[in-house]
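Colleague: I am still new to reading protein models, and I would love a close look at a single part. Could you take me through it step by step?

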Amino acid sequence: MDYSEYLVDYYLHPRNKGKIDKPSARAVKSNPLCGDTVSVELRISKTGKVETARFNGTGCAISSASASILMEHFEGKSTREIKRADGKKVKALLGIEISPAREKCALVALDALKMAVSDYEKKRGK
Amino acid sequence: MAGFSLANVQRDFPLITGGKIAYLDNAATTQKPVSVLEKMDSFYREYNANVHRGIHRLSERATDEYEGAREKIARFIGAKSPKEIVFTKNTTESLNLLSRTLPKLLGNRGTVLSTEMEHHSNIVPWQNSGMKFDYVPITGWGGELDLDSFALKAGKASIVTLTHASNVLGTINPVEKLGRLVPKESFLILDCAQSVPNMPVNVGKLGADFIAFSGHKMCGPTGIGVLWGKEELLENLPPFLYGGDMISSVSMKGAEWNSLPWKFEAGTPPIGEAIGLGEAVTYLKRIGMERIRTHEEKLASYCMKRLSEEIPNARVLGPLDAKKRGGLVAFSIDGVHPHDISGILDNFNIAVRAGFHCAEPVSKKLSLPGGSTRASFYLYNDPSEVDLLIDGLKKAEFLFKR
């Protein structure tokens with residue numbers, strides 16, 4: 001597997017890491033394989049736009065970098081885009097081949113994002 | 001075999017011949033020598049038939065080979081009789097067999113005492129056995145059992161079950177000494193998955209009532225494991241799985257059980273696999289278990305030395321004295337996740353294991369949320385593969401330098 005400089009940089013210097021004061025939605029997902037836990041917090045506008053996205057947690061380079069890259073990517077986009085995103089999208093954003101054994105690491109943050117959005121919509125009665 | 005020549009040994013294993021890969025994941029499963037592959041191939045090509053029932057020559061030959069494998073394995077571990085060798089799927093199934101049958105014999109009364117360094121297969125079956133469950137803690141990074149706690153708890157336990165050699169810490173437990181602390185009327189079970197493949201083990205000297213091990217960790221195929229038990233104890237145990245071959249006669253009112261060891265072997269067994277394991281044992285015996293042990297000890301010792309000298313951020317789990325541990329070295333490196341280490345090593349054709357190694361409580365105890373990285377050696381590994389490992393680790397450290 002290819003650990004690109006791009007990916008390692010996001011791991012060592014994560015963007016969008018932290019917490020949000022009174023988030024509109026939050027979710028925690030873990031990956032038992034790595035012992036990774038990624039928590040996600042979102043502030044979502046009335047029109048369904050992700051205004052702020054933050055993650056927290058510890059894990060391997062793939063899961064941490066993926067979380068950081070995804071938060072950065074989805075900030076400013078609509079929740080619909082999170083719902084539409086899939087593994088292919090994550091791989092394109094990471095820009096590397098992911099071996100099957102590491103796929104779960106790469107996708108744990110996306111799972112958390114989707115869970116946060118779906119909880120948010122349920123709460124709002126959508 | 002005249003001498004233990006590494007080059008000759010490596011040539012016996014097609015998958016690793018010629019340094020195609022530094023395979024250092026032997027505690028998970030080992031590679032298979034040509035003789036085992038050929039033996040299994042000849043079963044399927046030349047005498048494939050079911051055992052114990054056919055009145056025809058193929059079945060008779062298959063039965064002879066199947067039972068012959070059992071005899072070889074019995075001799076290999078010093079069992080009194082082949083009746084004491086029950087074929088199972090693996091160590092896990094052997095331990096499950098005991099966790100389902102011993103509590104029945106005891107009417108679910110009493111406590112099962114396990115340890116904090118066990119593989120999940122020697123924890124979870126007992127947590128779900130219907131008996132009370134307790135464990136002996138480990139001392140910490142030194143990876144030894146808390147002997148005071150063992151002495152205190154073993155005297156009150158009806159079943160004591162522990163690993164002979166830990167698959168994470170490497171620790172070889174002083175089982176003969178510990179066994180003397182277990183009351184005579186209680187049962188002592190040893191998980192020998194990491195000892196029988198790697199060092200001389202003689203059940204006559206261990207002091208255990210039952211031991212369990214897997215074929216695939218000792219040059220044999222997957223799908224075949226062994227439960228050894230003292231004959232009179234196996235005789236008293238109720239059956240585990242019910243069905244064909246484990247009965248002597250059946251009516252619509254009930255059944256009588258077959259004699260040992262077949263009472264515990266319901267249904268068509270893994271015949272080719274058992275025959276393959278028999279051949280694996282022949283192979284290991286030819287090399288010599290004492291030699292294998294010495295070879296692994298040297299590799300583990302060399303690996304720990306290079307780690308401590310050249311990877312200052314690495315910390316080895318378990319005893320640092322190679323005499324006290326098996327041929328595996330698990331370590332953690334500050335700032336680099338085990339999965340990333342093994343991912344990077346894989347780029348250099350080095351296979352190691354990363355994570356909890358199916359023994360999560362050890363990682364919890366040592367506060368390693370991502371587990372550790374483990375290099376485990378076998379007879380065909382050599383010091384140059386440790387060199388490759390160290391080079392790979394240096395590259396991983398460099399990549400993740402903050």
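Into which domains is chain B divided, and which residues belong to each? Please stay with the place where the domains touch.

Modeller: Happy to! Keep in mind that this is a predicted model. Chain B is split into domain 1, made of 6–26 + 289–399, and domain 2, which covers 36–286. Notice that domain 1 of chain B is written as two stretches, 6–26 and 289–399, while domain 2 of chain B is written as one, 36–286. Between the C-alpha centres of domain 1 of chain B and domain 2 of chain B there are 28 Å. Where they meet, domain 1 of chain B brings 24 residues to the contact and domain 2 of chain B brings 23 residues.

Now let us look at the side of domain 1 of chain B that touches domain 2 of chain B. Four elements of chain B each supply at least two residues to that side: helix H11 (289–310), strand S12 (328–333), helix H13 (360–365) and strand S15 (372–376). Try finding H11(B) on your screen, as this helix gives the most to that side, with five residues. What kinds of residues make up this side of domain 1 of chain B? They divide into 12 nonpolar, five polar and seven charged.

To put the pieces together, H11(B) is the top contributor on the domain 1 side, and strands S12 and S15 of chain B are also among the elements that supply at least two residues there.

Methods:
Residues numbered from 1 in each chain as written. Chains lettered and ligands numbered in written order. Predicted model: local features only at pLDDT ≥ 70, side-chain atom pairs only at ≥ 80, totals over all residues. Domains from an automatic or database assignment. Contact = placed C-beta atoms within 7 Å. Nonpolar A, V, L, I, M, F, W, Y, C, P; charged D, E, K, R; others polar.
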